[in-house]
Amino acid sequence: MRLLVEQAVARADFPVRMDSVEDGRTATLVRTDPRRLNRILANLLANAHRHGRPPVEVAVTATSVTVRDHGRGYPEELLTDGPQRFRTHAPERGKGHGLGLTIALGQAEVIGARLRFGNAPDGGAEAVLTLPAAPDEPP
């Protein structure tokens, strides 16, 4: 999974800090669709870059990827109700969340992953994508 995440980060058109956290195990196999995973990460990275503040950071563990920025964080209604289509916080478009996070959430559901949105304790938005372990891997 780390390689897929590294490729998505390399395609970003802005600086991204990446950290891979080893957990003492050999490589963990995850079940995913690389194209959908790339789309999820591209949308999360773009959202962090457009609506947060640098640095944009990505952390990879055995089965999860965290994308974080250092801006104001997600609005309370997004944390409560999830992202809503066709809404954005751009002043010229009214209030809402944009389409990117909605797409990321939908793609995560298609591949059986879980996508959580939260705010880091010290500030900034944080999206955590957890992928299912491959069937022959212990949970």
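Helices here are DSSP runs of H or I with at least four residues, and strands are E runs of at least two, each numbered from the N terminus. With that in hand, here are the close-ups, each taken from a predicted model.

**View 1. The whole chain, for orientation.** The protein has 4 helices and 5 strands, and going along the sequence they come in the order α-β-α-β-β-α-α-β-β. Of its 139 residues, 41% are buried. About 8,200 Å² is exposed, with carbon and sulfur atoms supplying 50% of that. If you take the contacts between residues at least 6 apart in sequence, 58% of them join residues at least 24 apart.

**View 2. Helix α4 and the glycine that follows.** Helix α4 covers residues 100-110, and its buried residues are L101, T102, A104, Q107 and A108. What do they pack against? The buried residues of α4 meet two helices, α2 (34-51) and α3 (76-81), and two strands, β4 (114-119) and β5. Look just past the end of α4 for G112, which takes a positive phi of about 75 degrees.

**View 3. Helix α2, from its start to N43.** At the start of α2, a side-chain oxygen of D33 comes to within 3.0 Å of the backbone nitrogen of R35. The helix has 18 residues, which at 1.5 Å a residue should span 26 Å; its end C-alpha atoms sit 25 Å apart, in agreement. Its buried residues include L37, I40, L41, L44 and L45, along with A46, N47 and A48. N43 is also part of α2. Is N43 buried or exposed? Its relative accessibility is 18%, so N43 counts as buried, the cut-off being under 20%. Setting aside neighbours within four places in sequence, N43 touches G100, I103 and A104.

**View 4. Strand β3 between two partners.** Strand β3 runs over residues 64-68, and 5 of its 5 residues are buried. In a regular strand, side chains alternate between the two faces of the sheet. Here S64, T66 and R68 point one way, while V65 and V67 point the other. Strand β2 (residues 56-60) runs antiparallel to β3 and is joined to it by 4 bridges, with V58 standing opposite V67. Strand β5 (residues 125-130) is antiparallel to β3 as well, this time through 5 bridges. One to pick out is the bridge between S64 and T130 in β5.

**View 5. The β2-β3 hairpin and A62.** The link from β2 to β3 is a hairpin of 3 residues, and A62 sits in the loop between those two strands. With a relative accessibility of 22%, A62 counts as partly exposed. Which residue lies 42 places from A62 in sequence but 8.9 Å away in space? That is S20, going by the C-alpha to C-alpha distance.

**View 6. The ring pair, Y74 and F117.** A pair of aromatic rings is described by the distance of the centres and the angle of the planes. The count for this model is 1 aromatic pair. The ring centres of Y74 and F117 are 5.4 Å apart with their planes at 85 degrees, so this pair is edge-to-face. The two rings link distant parts of the chain, 43 residues apart: Y74 belongs to the loop between β3 and α3, and F117 to strand β4. Both Y74 and F117 are buried.

Methods:
Residues numbered from 1 in each chain as written. Predicted model: local features only at pLDDT ≥ 70, side-chain atom pairs only at ≥ 80, totals over all residues. Heavy atoms only, no water. Buried < 20%, exposed > 50% of the residue type's maximum accessible area, 1.4 Å probe, protein only. Pairing = 2+ DSSP bridges. Contact = heavy atoms within 4.5 Å. Expected span 1.5 Å × (residues − 1). Polar contact = N/O pair within 3.5 Å; in protein donor to acceptor, adjacent residues only side chain to side chain. Phe/Tyr/Trp six-rings, centres within 6.5 Å; stacked < 30°, edge-to-face > 60°. Areas by Shrake-Rupley, 256 points an atom, 1.4 Å probe, with all protein chains shown as cover.
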